[in-house]
Amino acid sequence: MNNEKIYKTMANVGAGDLALGIIVLVTGIVTGVLMIINGSRLLKGKSDLMF
């Protein structure tokens, strides 16, 4: 009976860690894509920014 309680606790913690990992991964990918887009906009408008 004690082992079952430990198993359920570990399963819940594992599921939470997996969900958190997916959220962090998606956030990182979205942030990277936005940084690439903004960097390309800066490079495109570089001639307008130069004195």
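These legends describe close-up views of a predicted model.

**View 1. The whole chain, with 2 helices and 0 strands.**
The chain has 51 residues, and 2% of them are buried. Its C-alpha atoms fill a box of roughly 75 × 10 × 5 Å along the principal axes. The radius of gyration is 22 Å. A compact globule of 51 residues would have a value near 10 Å. The exposed area of the chain is about 5,000 Å². Carbon and sulfur atoms supply 73% of that area.

**View 2. The salt bridge between glutamate 4 and lysine 8.**
The two side chains meet at 3.5 Å, N to O. A search of the whole structure finds 1 salt bridge. Both glutamate 4 and lysine 8 lie in helix 1. They are 4 residues apart, about one turn of the helix.

**View 3. Accessibility of the salt-bridge partners, glutamate 4 and lysine 8.**
Glutamate 4 has a relative accessible area of 48%. Lysine 8 has a relative accessibility of 48%. Exposed means over 50%, and buried means under 20%, so a residue in between is partly exposed. Glutamate 4 is therefore partly exposed. Lysine 8 also counts as partly exposed.

**View 4. A nonpolar surface patch of about 820 Å².**
Leu18, Ile22, Leu25, Val26, Ile29, Val30, Val33, Leu34 and Ile37 make the patch. Ile29 is one of these residues, and isoleucine 29 is found in helix 1, which covers residues 2–44.

**View 5. Isoleucine 29, a member of the nonpolar patch.**
Isoleucine 29 has a relative accessibility of 51%. The cut-off for exposed is over 50%, so isoleucine 29 counts as exposed. Its patch partners include Val26, Val30 and Val33.

Conventions. Residues are numbered from 1 along each chain as its sequence is written. This is a predicted model: local features need pLDDT of at least 70, side-chain atom pairs count only at pLDDT 80 or more; totals for chains, interfaces and linings use all residues. Side-chain values use heavy atoms; hydrogens and water are left out. Patches are made of residues with over 30% relative accessible area and no salt bridge: like charges are joined within 9 Å, nonpolar side chains (Val, Leu, Ile, Met, Phe, Trp, Tyr) within 5 Å. Accessible areas come from the Shrake-Rupley method with a 1.4 Å probe; for residues, only the protein chains shown count as cover. A salt bridge is a side-chain nitrogen of Lys or Arg within 4 Å of a carboxyl oxygen of Asp or Glu. Buried means under 20% relative accessible area, exposed over 50%, partly exposed in between (1.4 Å probe, protein chains only). The radius of gyration is taken over C-alpha atoms; the globule rule is 2.2 Å times the number of residues to the power 0.38.
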